[in-house]
Amino acid sequence: MISAKRVTLFCGHYGSGKTNLAVNYAFWLRSQGLPTVIADLDIVNPYFRTKDSREELEAAGIELISPQFANSNVDLPALPQQVYGALQVRSRYAVLDVGGDDRGALAMGRYTPFLKEENDYEMLFAVNFFRPLTPGAEEALEVMAEVEQAAGLKCTAIVNNSNLAGHTSPEDVIRSAEKAKELSRISGLPIKMTGIEKGLLPLLEGKLEDLFPMTLQKKYFDVKEI
């Protein structure tokens, strides 16, 4: 069973699939009957956007906060003021999609005092071991340390989101699980869940714990790796 803090931040290296995780996690929170808001803090990657799922999010009753120029050919390093409201209104659960790597994490550092004051948050480090910069646990740990320093917050758990987009096989996920366990060991952090495309669930149930089945945004099927 997945437990949730009031604020959940998804951080990680570029291409770890943070956005897809954040969107699906927001849907999961809402399915539990919780009032939910999702904020896009990613000012680094203009291609994968939370805003791509705007219609589905709004239909589910999830408020979306995104930069003014998201999904356009303009990408300014500016974040909407509504993010402060999402953190201050403690009757709602907030999901934050943090920008990739340490450069993206710098942008959310302004919200760190709010998070520390309430102390009801978790910062989940998403890792995709099929990405070139994080082929193993040691490399992933380096990225984690850089993100933590930039954000001014420590990660609290790991999400193994190793995938090859729509080409991911059950064997790919199982193979990545050993690397996730090694990252857990050397970082001292627990593995909160393993993100998988929902079609893989029947093939992986009973083989791995804490599976988190997701619906992939359409763009994810158009690339080899995410």
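This is a short tour of one protein chain, stop by stop, for use with a viewer.

**The whole chain**

Start with everything shown. The model is predicted. The chain has 226 residues, and buried residues make up 52% of them. Colour by secondary structure: there are eight helices and eight strands. Now switch on the surface. The chain exposes about 10,300 Å². Carbon and sulfur atoms supply 52% of that area.

Next, think about contacts. Take those with a separation of 6 or more along the chain. Of these, 76% join residues 24 or more positions apart.

**Stop 1: two cysteines**

Select Cys-11 and Cys-155. How far is the sulfur of Cys-11 from the closest cysteine sulfur? The distance is 3.8 Å, and the partner is in Cys-155. The same holds from the other side: for Cys-155, the closest cysteine sulfur is in Cys-11. A disulfide is a covalent bond between the sulfur atoms of two cysteines. The cut-off used here is 2.5 Å, so 3.8 Å is too far for a bond. A search of the whole structure finds zero disulfides.

Are these two cysteines buried or exposed? Cys-11 is buried, with a relative accessible area of 0%. Cys-155 is buried too, at 5%.

**Stop 2: an aromatic cluster**

Select Phe-10, Tyr-25, Trp-28 and Phe-212. These four residues form one aromatic cluster. Across the whole structure, a search finds five aromatic pairs.

Zoom in on Phe-10 and Tyr-25. Their ring centres are 5.4 Å apart. Their planes meet at 70°, so the pair is edge-to-face. The cut-off for that label is over 60 degrees.

Trace the backbone between these two rings. Phe-10 sits in strand E1, residues 7-12. Tyr-25 sits in helix H1, residues 18-31. The two are 15 residues apart, and the pair links distant parts of the chain. Check the cover as well. Phe-10 is buried, at 0% relative accessibility. Tyr-25 is also buried at 0%.

**Stop 3: helix H1**

Stay with Tyr-25 and select the whole of H1. This helix has 14 residues. From its first C-alpha to its last, H1 reaches 20 Å. That is close to the 20 Å expected at 1.5 Å a residue.

How many of the residues in H1 are buried? The count is 10 of 14, so the helix is mostly covered. Among the buried residues are Lys-18, Leu-21, Val-23 and Leu-29.

Here is something to keep in mind as you turn the view. An α-helix has 3.6 residues a turn, so residues three or four places apart point the same way.

Move past the end of the helix. H1 is followed by Gly-33, whose phi is positive, near 85°.

**Stop 4: Asn-24**

Go back into H1 and select Asn-24, which lies in that helix. Asn-24 counts as buried, at 9% relative accessibility. Look at its side chain. A polar atom there lies 2.8 Å from the backbone oxygen of Asn-20.

Which residues does Asn-24 touch, leaving out those up to four places away in sequence? They are Phe-212, Met-214 and Thr-215. You met Phe-212 in the aromatic cluster.

**Stop 5: Ile-191**

Jump to strand E7, residues 191-197, and select Ile-191. Ile-191 is partly exposed, at 26% relative accessibility. Now select Ala-177, which is 14 residues away along the chain. The C-alpha atoms of Ile-191 and Ala-177 are separated by 9.8 Å.

Ile-191 has several contacts beyond its neighbours in sequence. Leaving out residues up to four places away, Ile-191 touches Ile-158, Ala-180, Lys-181, Ser-184 and Asp-210.

**Stop 6: two positive phi angles**

Most residues other than glycine have a negative phi. The last two stops go against that pattern.

Follow the contact from Ile-191 to Asp-210. Asp-210 lies in the loop between helix H8 (201-204) and strand E8 (211-214). Its phi is near 55°, a positive value. Asp-210 is partly exposed, with a relative accessible area of 38%.

Finish at Ala-165. This residue is in the loop between strand E6 (157-160) and helix H7 (170-187). Its phi is positive and near 55°. Is Ala-165 buried or exposed? Ala-165 is buried, with a relative accessible area of 5%.

Methods
Residues are numbered from 1 along each chain as its sequence is written. This is a predicted model: local features need pLDDT of at least 70, side-chain atom pairs count only at pLDDT 80 or more; totals for chains, interfaces and linings use all residues. Side-chain values use heavy atoms; hydrogens and water are left out. Buried means under 20% relative accessible area, exposed over 50%, partly exposed in between (1.4 Å probe, protein chains only). Rings of Phe, Tyr and Trp (its six-membered ring) pair if their centres lie within 6.5 Å; planes under 30 degrees apart count as stacked, over 60 as edge-to-face and the rest as tilted. Helices (H or I, at least four residues) and strands (E, at least two) are DSSP runs, numbered from the N terminus. The expected span of a helix is 1.5 Å times one less than its number of residues. A polar contact is a pair of N or O atoms within 3.5 Å; within protein, one must be able to donate a hydrogen and the other to accept it, and residues adjacent in sequence count only if both atoms are side-chain atoms. Contact means heavy atoms within 4.5 Å. Accessible areas come from the Shrake-Rupley method with a 1.4 Å probe; for residues, only the protein chains shown count as cover.
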